[in-house]
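Hi,

Here is the structure I promised to pass on. Have a look first, and my notes follow below.

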Amino acid sequence: MKNSREDQHFQQDIERIKLNDPQLTSIVFDFQNSVSRSRLRSLADSLRRNEHMCQITLENNTTRTDYRLRTDHVSALEEVMIHHQSALNTVEVNMDFASPVSALEFGKLIRRSEIVDLDVSASPGVQDTTDIIKALVHGLATPPQDELHSECGLTKLALFHFDMNRDAIDALCSNVIHHKQSGINFLDLRCNNFTIRGDLLGEALFGPKSCLENLVLGGRRDSMLGDLDSSFFSKLAFNTILDTLLLVSMGCFPTYQAAGLADALSRNTTLQELHIEHNDMNSQELMALTPLFQQNKSLQRLSLIGNNIGDLEAISFATALCDNSAATNLNHLALNDNCIG
């Protein structure tokens, strides 16, 4: 009975896509039955003349592990992503790949398509996702064999719930972070399990080889920054490429990391936007950020939303800003959801 209702909803969406309904701009494709390939073909056929569909989400809403993205699914997805005239530019994958081979082929498919934004989320608790991440990013960096799709459209990549060990980070560096030809300049690494030394991760993300312009970290209930040594932010001092850095819901923000970040940004001359949000910081951790206000000259937008900032910290920040008033370029400071006043 459940499958019957799902089929009915799917067919209704297909008809709306065929009618070019301007209010239908995204669709969720659920891999939980044996007709996924035929459904994908129906979706591809309906997209051929659609001008409004811009996002597709692939997911598995069951607890069964056998419903995973296979190579035959990837072949069927080619009809959806390449052989159509729609406005499709965003793909979310909220399910696991059946094998590294399927991840590799999916990455190659994205590389050939005009997809701009790709979000891939592994199932929390899945063991050893390293081979999957290595295969996926290798596929994303593989140049198409035909000249027609030689230019990569992908600029934004988000990876969630993966094991980010040394091998996974090395693969990301070779194929994305340090590989300018990949075209990816926005990387979202929230909610991942980092098991790599802080200096090595900092070198990968902020070092001179990094091509990233936008980076997002955080999203863990436990402490990511607490697991990394104090040298994590040090390479940020000399980074000249990164434009925007988001450090959101880090679990905790130790004083030594806040001091390391402030020290690095006191010397950085190019970062324009910084978000340190919802990190449940205490007074000592917040005070460690003061040199950032006092010495940074490049930041234009700074957000400190949801960090327990009180009157004492606000006065300290304001005093530091006054001391830096001749050099600062800060024109937007967000202090919502704090304890000021």
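Let's start with a question: which residues of helix 5 are buried? They are Thr130, Ile132, Ile133, Ala135, Leu136, Val137, Gly139 and Leu140. Before you read too much into any of this, keep in mind that the model is predicted.

Helix 5 covers residues 130-140, and 8 of its 11 residues are buried, so the rest of the structure largely encloses it. The partners that its buried residues pack against are helix 4 (100-112), strand 4 (117-121), strand 5 (156-160), strand 6 (163-165) and helix 6. Past that helix, in the loop that leads from helix 5 to strand 5, you'll find proline 143. With a relative accessible area of 57%, proline 143 is exposed. If you want a long distance to look at, take proline 143 and serine 298: C-alpha to C-alpha they are 36 Å apart in space, with their positions 155 residues apart in sequence.

Next, helix 7, residues 198-206. Its buried residues are Gly198, Leu201, Gly202, Ala204, Leu205 and Phe206. These sit on the same side of helix 7, because the arc they cover around the axis is only 165 degrees. Among the elements covering them are helix 6 (166-177), strand 8 (193-195), strand 9 (214-218) and strand 10.

Strand 10 turns up again with helix 8. In helix 8, the buried residues are Gln257, Ala258, Gly260, Leu261, Ala262, Ala264, Leu265 and Ser266. Their cover includes strand 10 (244-248), strand 11 (273-277), helix 9 (283-287) and helix 10 (290-295). I also checked the length of helix 8 (residues 255-267): at 1.5 Å a residue, its 13 residues should span 18 Å, and the 19 Å between its end C-alpha atoms agrees with that.

In the loop between strand 10 and helix 8 there is a backbone detail for you, at serine 249. Its phi is near 50 degrees, which is positive although the residue is not glycine. Most residues other than glycine have a negative phi. Serine 249 counts as partly exposed, at 28% relative accessibility. Aspartate 337, in the segment after strand 13 (332-334), also has a positive phi, near 55 degrees, and is likewise not a glycine. Aspartate 337 is exposed, with a relative accessible area of 57%.

Now for the empty space. How many cavities of 30 Å³ or more does the structure hold? There is 1, and the volume of the largest cavity is about 50 Å³. Lining it are Leu292, Phe293, Asn296, Leu299, Leu302, Leu321, Asn324, Thr328 and Leu330. By type, that lining divides into 6 nonpolar and 3 polar residues, with no charged ones.

One of those lining residues, Leu302, also leads to histidine 332, which lies in strand 13. Leucine 302 and histidine 332 are 30 residues apart in sequence, yet their C-alpha atoms are 6.2 Å apart in space. Leaving aside residues up to four places away in sequence, histidine 332 touches Gln300, Arg301 and Leu302. Histidine 332 is partly exposed, with a relative accessible area of 31%.

That's what I have so far. Over to you!

Cheers

Methods
Residues numbered from 1 in each chain as written. Predicted model: local features only at pLDDT ≥ 70, side-chain atom pairs only at ≥ 80, totals over all residues. Heavy atoms only, no water. Helix = DSSP H or I, 4+ residues; strand = E, 2+ residues; numbered from the N terminus. Expected span 1.5 Å × (residues − 1). Buried < 20%, exposed > 50% of the residue type's maximum accessible area, 1.4 Å probe, protein only. Contact = heavy atoms within 4.5 Å. 1 Å grid on protein atoms, 1.4 Å probe; cavity = no way out; pocket = protein on both sides within 12 Å on 5 of 7 lines; lining within 4 Å. Points joined across faces, edges and corners; volume = space filled by probe spheres on them. Nonpolar A, V, L, I, M, F, W, Y, C, P; charged D, E, K, R; others polar. Arc of directions from axis to C-beta.
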